[in-house]
Amino acid sequence: MPKPSSRMSGILPSGKDGWEVHFAAMTRKQAGEPIIMLSVGDHDFDTPTETIEACVKAVRSGYHHYTQLPGIPRLRAAMAAISTRCTGVETNADQVIATPGGQLALYAAVQGTLDKGDHAIVVAPYYATYPGTFRAAEADFTVVEASADDGFQPRAEAIAAALKPNTKAVLINTPNNPTGAVYSRQSLEGIADLCIRHDLWLLSDEVYWTLAGEHHVSPRALPGMAERTLVINSMSKSHGMTGWRIGWLTGPEAMIGLLVSLNLVTTYGLTDFVSRAAVEALENDYGVSEIADTYNGRRKVFLDAIHGLNDITVRGSEGGMYVMLDVRAIEPDDEKFAWALLDAEKIGAMPGSSFGDAAAGHIRISLCQPDDVLLDAANRLRRFASSYR
Ligand code: PLP
């Protein structure tokens, strides 16, 4: 075949993305081994019935056509109402653009703020697709580690030290994947101050906000930040709709207006019947409090069950779908730990180093299993910790 663009091989340069343990666990499970999968961030339950019914009704009612590029008006209005709640800033429909999933909202935020060769700062530990999203824009980026010893809270001084003359944006994620850290107002104020002083965009990924209760703080609400913050949001986690691919970006009206052209050349708008179901789910909060209660309950069950395990320290783990365990006292090489845990106790967990150096020596446990399975996993982990040498 003719030569592909170099941009494609640049998105994931090594071809290795840290998911090897996860894929091995999945293969072994499919082959019949009693593996507990704690490596994946997808719900173990279905989308709420009311949302499914709304979609079926929309399909039967003939909603099969192209939709407006930034989203149908009722959907944008419903998303704006949620953004008002999520960020604490009054938001109107012209300040949001609907996208197929939070990932496309993130892609739009990066494409909208960075030119080829511009520089961004990404706070780590980070969600695995972040580096590739910057590479797809041919932008340069520096990873700034939020340290485990700070509970994975980001430090503005560390971000300031990584600034370059061509830095245009900072990307953060709260509540955080993989650490479960919920960034404090104080941490965010430091970052906001920096963004204002250096005229930077702040790209704020808040897709897990409903899983942090009242602890969630959006930097968009801080003084002077609404005009320079783009908030990535999604129905995947909050509304139990990972496979539906629906999310949105919130920001200044002028930026959102520009991004409509990106929807034109990428998605050409959202799926019609999915949009209609999403309106119902957003307007009625279908599943939101049940899902939040489920994960908050599971986090407590798991953390209580491993409490007192001397060699394992919990870091972050205040909100979202994951907990982060510091296993350095047992085995500093987290990949080695994760493989050994899979072999000995049949638990699939993600090595922390897959998410950046700050999480090296940690493993990420996903709470996407019912309480009894999490308790079983905690027991297996306890046995593993006492016998590993
Ligand atoms: N941001 C973070 C931090 C995530 O963990 C995910 C998915 O796991 C996404 C964005 C993308 O979510 P989606 O594209 O399903 O909305």
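These legends walk through several close-up views of a predicted model.

Some ground rules come first. Residues are numbered from 1 along each chain, as its sequence is written. Because the model is predicted, local features need pLDDT of at least 70 and side-chain atom pairs count only at pLDDT 80 or more, while totals for chains, interfaces and linings use all residues.

**View 1. The whole protein, with 13 helices and 13 strands.**
Helices (H or I, at least four residues) and strands (E, at least two) are DSSP runs, numbered from the N terminus. The radius of gyration is 21 Å, close to the 21 Å of the globule rule for 389 residues, so the protein is as compact as a globular protein of that length. That radius is taken over C-alpha atoms, and the globule rule is 2.2 Å times the number of residues to the power 0.38. Along the principal axes, the C-alpha atoms fill a box of roughly 60 × 55 × 55 Å. Of the 389 residues, 51% count as buried. Here "buried" means 20 or more other C-beta atoms within 10 Å of a residue's own, "exposed" means 12 or fewer, and "partly exposed" is in between, with C-beta atoms placed from the backbone.

**View 2. The stretch that carries a UniProt domain annotation.**
An unreviewed UniProt entry annotates residues 34-376 as "domain: Aminotransferase class I/classII large". UniProt positions are given in the numbering used here, feature names are shortened, and annotations may be inferred rather than shown by experiment. Over residues 34-376, the chain is 38% helix and 17% strand. The C-alpha atoms at the two ends of this stretch are 12 Å apart.

**View 3. The shell around the ligand.**
How many residues surround the ligand? There are 13, and the closest are Gly101, Gly102, Gln103, Ser234 and Ser236. A residue is near a molecule if its C-beta atom, placed from the backbone, lies within 6 Å of it. By class, the shell has two nonpolar, ten polar and one charged residues. For that tally, Ala, Val, Leu, Ile, Met, Phe, Trp, Tyr, Cys and Pro count as nonpolar, Asp, Glu, Lys and Arg as charged, and the others, Gly among them, as polar.

**View 4. Strand β5 and its parallel partners β3 and β6.**
Six of the seven residues of β5 are buried, so this strand is largely enclosed by the rest of the structure. Two strands pair if DSSP finds at least two bridges between them. Four bridges join β3 to β5, with His119 opposite Thr167 in β5. Five more bridges link β5 to β6 (residues 201-205), where Val170 faces Leu202. Together, β5, α8 and β6 make a right-handed β-α-β unit. Right-handed means that, with the strands pointing away from the viewer, the path from the first strand over the helix to the second runs clockwise.

**View 5. Strand β3, helix α6 and strand β4, with a cis proline and a positive phi.**
β3, α6 and β4 form a right-handed β-α-β unit. Six bridges tie β3 to β4 in parallel, and Ala124 has Glu145 in β4 as its bridge partner. The peptide bond from Ala124 to Pro125 is cis, with omega near -5°. Pro125 sits in the loop between β3 (119-124) and α6 (130-136). In the loop between α6 and β4 (140-145) you'll find Glu138. Glu138 has a positive phi of about 55° although it is not a glycine. It has 14 C-beta neighbours inside 10 Å, so Glu138 counts as partly exposed.

**View 6. A second cis proline, Pro175.**
The peptide bond from Thr174 to Pro175 is cis, with omega near -10°. Look for Pro175 in the loop between β5 (167-173) and α8 (185-197).

**View 7. An open sheet of four strands.**
The strand order is β9-β10-β13-β12, with antiparallel pairing. β9 (313-315) and β12 (350-351) stand at the edges, each with a single partner strand, so one side of each is left without a neighbour in the sheet. Five bridges join β10 (residues 322-326) to β13 (residues 362-366), and Asp326 stands opposite His362 in β13.

**View 8. Val274 and Ala54, separated by 9.0 Å between C-alpha atoms.**
Along the chain, these two are 220 residues apart. Val274 belongs to helix α10 (residues 272-284). Is Val274 buried or exposed? It is buried, with 23 other C-beta atoms within 10 Å.
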